[in-house]
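Biologist: I have a structure open and I'd like to learn how to read it. Can you walk me through it, feature by feature?

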Amino acid sequence: MKRDYYEVLSISKSASADEIKKAYRKVAMQYHPDRNAGDKAAEEKFKEAAEAYEVLSDADKRSKYDRFGHAGLGNNGRGFGNMNTEDIFSQFGDIFGDDIFGSFFGGGSRSSGRRSQGVRGSNLRVKIKLNFEEIANGATKTIKVKKYVSCNTCSGTGAKDKGGVQTCSTCGGSGQVRKVTNTFLGQMQTVTTCPACNGQGTTITSKCTSCRGEGRVYGEETVNIDIPAGVQEGMQLSMSGKGNAGERGGAPGDLIILIEEENHQYLQRDGLNVVFDLHVSFIDVVFGTQVEVPTIDGKAKIKIPAGTQSGKIFRLKGKGFPAINSYEKGDQLIHVNVWTPQNINAEEKAVLEKLQDSPNFKPQPVKGEKSFFERVKEMFG
Ligand code: ZN
């Protein structure tokens, strides 16, 4: 069970934004990993506090939490309760000033070795339209993506040649600069990202002419996308590293693939099941017949026994969609509709009039058939 966020920070439900911030500082300082090395319980408390602060410091999330509790926050976006230490430290920037923990606690969890290479590329989104057959069987799609690709001339560094890169003179190559600031804890030395080189530790003195120093150019890449069987409209797949190339050798972004379903000419999807409306003539159901029905992959023959009633549902087991990453499979449901003629000629009319009073043509309850009421209850609970 998750603890109440207000309880975690020891504040009242009516706490102001300022009080929340203060309370969080206090708890975070107390349980900070650098002060409680190896203490699992402290680490949990530290994470718990960060999560509580993340929610309560955001007006929208806080109001959802106030109304619906933990359930109101759902699983959207980054998963709650799964914040990693990086997330938590990135939060500190807002309330403690940049990187203050790094220096205050002796350069613990994040100040060292964080010099990043280049700037990460952004994610790209593409839509992929799939027909029923592709959804049922999975598909490989080859698409051309227009995007930033790494510059071939400079291999993504952005520099004209090896001599074109120099150690940054502002930070001496560390990517960080130290400065003294006044904070709520008194005067402190803080470490911030070097403004001259953006934390890269190097500057470019002569730029690559192909990409003008960016390390990437606008181009195109052919990407093969493997789509697993069982995807659905609105699902998103992500291909790591297939988005825009980063600047100056930075990691590429991801390619996000949004799935769209193409409508089928005859079939409709209902969850994992596929539904088909079959129209048959009155004569055919009286005599019984065999009909061909479309399925996701090809056609299937089904037998309509003599005396079949309108509204009957036949089931083709396993002819529906598979569930993604599972062995479960839906069925095809065939709904029988008996066609009533809307135009008849005099001759036909005479024939039917002869039959009109026959007791065989009088509707009566069908033995063993479920009533409409029962079927509706089955379908909708
Ligand atoms: Zn270049």
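Biologist: Let's start with Asp254. Which residues does Asp254 touch, leaving out those up to four places away in sequence?
Modeller: One thing to keep in mind: this is a predicted model. Asp254 touches Arg120, Ser122, Asn123, Leu124, Ser238, Met239, Ser240, Gly241, Lys242 and Gly243. Asp254 itself belongs to the loop between β8 and β9.

Biologist: Is Asp254 buried or exposed?
Modeller: For that you need a cut-off: buried means under 20% relative accessible area. Asp254 has 18%, so it counts as buried. Look at its side chain too: one of its polar atoms lies 3.0 Å from the backbone nitrogen of Gly241.

Biologist: Does that loop hold anything else I should look at?
Modeller: Try Arg248, found in that loop between β8 (236-239) and β9 (255-261). Its phi is near 50°, a positive value in a residue other than glycine. Arg248 is buried, with a relative accessible area of 18%.

Biologist: Where else is there a positive phi in a residue that is not a glycine?
Modeller: Go to Ser10, where phi is about 50°. You'll find Ser10 in the loop between α1 (5-8) and α2 (17-31). At a relative accessible area of 64%, Ser10 is exposed, whereas Arg248 is buried.

Biologist: Back to β9. How many of its seven residues are buried?
Modeller: Six of the seven, so β9 is largely enclosed by the rest of the structure. Now look at its partners. Strand β1 (residues 124-130) pairs with β9 in the parallel sense, over seven bridges. In that pairing, Lys129 stands opposite Glu260 of β9. Strand β8 runs antiparallel to β9, and four bridges join them. There, Ser238 has Ile256 in β9 as its bridge partner.

Biologist: And how should I picture the side chains along a strand?
Modeller: As a general idea, side chains in a regular strand alternate between the two faces of the sheet.

Biologist: Let's take a sheet, then. In what order do the strands of the four-stranded open sheet come?
Modeller: The order is β10-β11-β15-β14, and the pairing is mixed. The edges are β10 (268-270) and β14 (313-316), each of which pairs on one side only. On average, neighbouring strands of this sheet are turned by 35° against each other, direction ignored. Inside the sheet, β11 (residues 273-281) and β15 (residues 332-339) run parallel and are joined by eight bridges. One pair to click on is Asp277 with His335 in β15, its bridge partner.

Biologist: What comes before β15 in the chain?
Modeller: The loop between β14 and β15, and Asp331 has its place there. With 6% relative accessibility, Asp331 counts as buried. Its contacts beyond four places away in sequence include Leu272, Asn273, Val274, Arg315 and Lys319.

Biologist: Now the metal. Which residues coordinate the zinc ion?
Modeller: Cys151, Cys154, Cys208 and Cys211 do, each through SG, at 2.3 to 2.4 Å. Along the chain, the donors follow the spacing C-x2-C-x53-C-x2-C. Two of these residues, Cys208 and Cys211, are both buried.

Biologist: What is the geometry of the zinc site?
Modeller: First the general idea: four tetrahedral donors ideally make angles of 109.5 degrees at the metal. Here the angles among the four donor atoms of the zinc ion are 103 to 115°, and the site is tetrahedral.

Biologist: How about helices? What should I look for at their ends?
Modeller: In general, an α-helix has 3.6 residues a turn, so residues three or four places apart point the same way. For the ends, take α4 (residues 59-68): at its start, a side-chain oxygen of Asp58 reaches to within 2.9 Å of the backbone nitrogen of Asp60. After α4 comes Gly69, whose phi is positive, near 70°.

Biologist: Finally, what does the whole chain look like?
Modeller: The protein chain has ten helices and 15 strands. Of its 381 residues, 35% count as buried. Among contacts between residues at least 6 apart in sequence, 65% join residues at least 24 apart.

How values were computed: Residues are numbered from 1 along each chain as its sequence is written. This is a predicted model: local features need pLDDT of at least 70, side-chain atom pairs count only at pLDDT 80 or more; totals for chains, interfaces and linings use all residues. Side-chain values use heavy atoms; hydrogens and water are left out. Donors are N, O and S atoms within 2.8 Å of the metal (3.2 Å for Na, K and Ca); water is not among the atoms, so sites may look incomplete. Four donors count as tetrahedral if all angles lie between 85 and 135 degrees; four count as square planar and six as octahedral if opposite donors are over 155 degrees apart and all others between 65 and 115; anything else is irregular. Buried means under 20% relative accessible area, exposed over 50%, partly exposed in between (1.4 Å probe, protein chains only). A polar contact is a pair of N or O atoms within 3.5 Å; within protein, one must be able to donate a hydrogen and the other to accept it, and residues adjacent in sequence count only if both atoms are side-chain atoms. Helices (H or I, at least four residues) and strands (E, at least two) are DSSP runs, numbered from the N terminus. Two strands pair if DSSP finds at least two bridges between them. Axes are lines fitted to C-alpha atoms, for helices over the stretch in contact, and angles run from 0 to 180 degrees between N-to-C directions. Contact means heavy atoms within 4.5 Å.
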